[in-house]
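Colleague: Could you walk me through this structure, please? I would like to know what to look at.

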Amino acid sequence: MAEGSGYGKVILLGEHFVVYDIPAIASAINDITTATIEKSDKYELVDNRPATEGYKTKKQGEMDRSMKLILDFMKIDVEKTPVKITLSGNLFCTSGIGASAAMATAVARAFSDYFDLGLNEEQINRISYEGEKGSAGTPSGIDNTCATFGGLIWFKKGEPSVMEPIKIKQPVEIVMGNTGLTSETKEVVADVKKKKEANEEEFEKIFAEQKEVINQARSALESYDMKKLGELMNRNQELLEKIGVSCPELEDLIKTARENGSLGAKLTGTGRGGYMIALTPGKELQEKVASAIEAKGFKVLKTSIG
Ligand code: PMV
């Protein structure tokens, strides 16, 4: 049996803006999706990944498109060579955690293993990017890059894209609060595009501020100034609200995190649902913020970045 895996990720700052060539900062998290591939008499895809209620139904179309794009790109004909693909792992699938890219990377690696293709990391990343087109339409490439390479990265879209590892003194705790809502990346990215086209001048100002925020955030991370990083995450959230990708549930979680001592909190990933990320250096603060969010009836993920 062949096997492969891909990391989940969290975008610390810069989602959506990254589609417009503004750098973003993201980190892989320890949770992964795995794919196994075995010989079968018909093509079968079994999805055993843990997920938010409704996630798999809502994402079925994206998932089918992604699989098709991956198979076409790898020139694999599952009618001629039928296989059973089984997805599992501990990455809890919901919007904003890079689940589709983790899946694409896992599947690419498993196929490379199954057919003995010996693909290198760059090639796996390229295939995963292809799969991302099924979910994000015009993906920046940040999710597949994190899913494949792991670590904390500075990412700028382009041909080729720029990916620079960011070194920090020690890992920093975060809390991710799950709204339980699923949004379609492709839809939200398209809405931002429409809004931008109707408000070019306003977006120019927002983009200029975001560039400042992201550059300062990189310096704050490198000098381990968590207070500053938190402030910048809050500013990033304001800008995300302006471009229309937040929602009341996310803002409720953000408020709870901030009221309980988080140094900064914002949505992460696509928005309009999915996860909120709160910066909570130290186990004690992490526990406090996580408990406050759980007390409101939301699921949390406690992890660290860097
Ligand atoms: O929701 P996620 O984790 O798939 O993140 C999407 C990130 C966007 O910036 C909104 C889209 C992209 O392609 O970068």
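Modeller: We can go through the ligand, the empty spaces and then some single residues. Please keep in mind that this is a predicted model.

Colleague: Let's start with the ligand, then. How many residues surround the ligand, and which are the closest?

Modeller: The ligand is surrounded by 15 residues, and the closest of these are Lys9, His16, Ser140, Asp143 and Thr270. If you sort the shell around the ligand by residue class, you get six nonpolar, six polar and three charged residues.

Colleague: Which atoms of serine 140 and the ligand are 2.6 Å apart?

Modeller: On the protein side it is an N or O atom in the side chain of serine 140, and on the other side it is an oxygen atom of the ligand. Threonine 270 also has a polar side-chain atom that lies 2.5 Å from an oxygen atom of the ligand. With glycine 98 the backbone takes part, as one of its backbone N or O atoms lies 3.4 Å from an oxygen atom of the ligand.

Colleague: And how much of the ligand does the protein cover?

Modeller: On its own the ligand has 390 Å² of accessible area, and the protein covers 95% of that area. The elements that give two or more residues to the shell are β1, which spans residues 2-13, and α5.

Colleague: Changing topic: how can one find empty space in a model at all?

Modeller: A probe the size of a water molecule is rolled over the atoms, and this shows where empty space is left.

Colleague: What volume does the largest pocket have here?

Modeller: The volume of the largest pocket is about 410 Å³. It is lined by 18 residues, and those closest to its centre are Asn125, Tyr129, Gly158, Pro160 and Ser161. Two elements, α4 (121-136) and α5 (142-149), give two or more residues to this lining, and α4 gives the most, with five residues. By class, the lining of the largest pocket holds six nonpolar, seven polar and five charged residues.

Colleague: You mentioned Pro160. What kind of peptide bond joins glutamate 159 and proline 160?

Modeller: Glutamate 159 and proline 160 are joined by a cis peptide bond, with omega at about 5°. Proline 160 lies in the loop between β5 (152-156) and β6 (162-165).

Colleague: How many cavities of 30 Å³ or more does a search of the whole structure find?

Modeller: The search finds two cavities of 30 Å³ or more, and the second largest cavity has a volume of about 120 Å³. Among the residues that line the second largest cavity are Asp47, Arg49, Tyr55, Lys56 and Ser135. The elements that give two or more residues to this lining are α1 (55-58), α2 (60-73) and α3 (99-114), and α2 gives the most, with four residues. This lining divides into three nonpolar, four polar and five charged residues.

Colleague: Is Arg49 buried or exposed?

Modeller: Arginine 49 has a relative accessible area of 5%, and buried means under 20%, so arginine 49 counts as buried. You will find arginine 49 in the loop between β3 (44-47) and α1, and a polar contact of 2.9 Å joins its side chain to that of aspartate 47.

Colleague: What about the loop between α2 and β4, which residues should I look at there?

Modeller: Methionine 74 and lysine 75 are both found in that loop. Methionine 74 counts as buried because its relative accessibility is 14%, whereas lysine 75 is exposed, with a relative accessible area of 74%. Lysine 75 also has a positive phi of about 55°, although it is not a glycine. The C-alpha atom of methionine 74 is 8.8 Å from that of phenylalanine 111, and these two residues are 37 apart along the chain.

Colleague: Where does aspartate 21 lie, and what is its phi?

Modeller: Aspartate 21 lies in the loop between β1 and β2 (24-39), and its phi is near 65°, a positive value in a residue other than glycine. Its relative accessible area is 39%, so aspartate 21 is partly exposed.

Colleague: One last residue: is glutamate 259 buried or exposed?

Modeller: Glutamate 259 counts as exposed, at 56% relative accessibility, and its place is in helix α9, residues 248-259. Its C-alpha atom is separated by 8.7 Å from that of valine 289, which is 30 residues apart from it along the chain.

Methods: Residues are numbered from 1 along each chain as its sequence is written. This is a predicted model: local features need pLDDT of at least 70, side-chain atom pairs count only at pLDDT 80 or more; totals for chains, interfaces and linings use all residues. Side-chain values use heavy atoms; hydrogens and water are left out. On a 1 Å grid over the protein atoms alone, a cavity is a set of points where a 1.4 Å probe fits but cannot get out, and a pocket is an open set with protein on both sides within 12 Å along at least five of seven lines; lining residues have an atom within 4 Å of a point. Grid points are joined across faces, edges and corners, and a volume is the space filled by probe spheres set on the points. Ala, Val, Leu, Ile, Met, Phe, Trp, Tyr, Cys and Pro count as nonpolar, Asp, Glu, Lys and Arg as charged, and the others, Gly among them, as polar. A residue is near a molecule or strand if one of its heavy atoms lies within 4 Å of it. A polar contact is a pair of N or O atoms within 3.5 Å; within protein, one must be able to donate a hydrogen and the other to accept it, and residues adjacent in sequence count only if both atoms are side-chain atoms. Accessible areas come from the Shrake-Rupley method with a 1.4 Å probe; for residues, only the protein chains shown count as cover. Buried means under 20% relative accessible area, exposed over 50%, partly exposed in between (1.4 Å probe, protein chains only).
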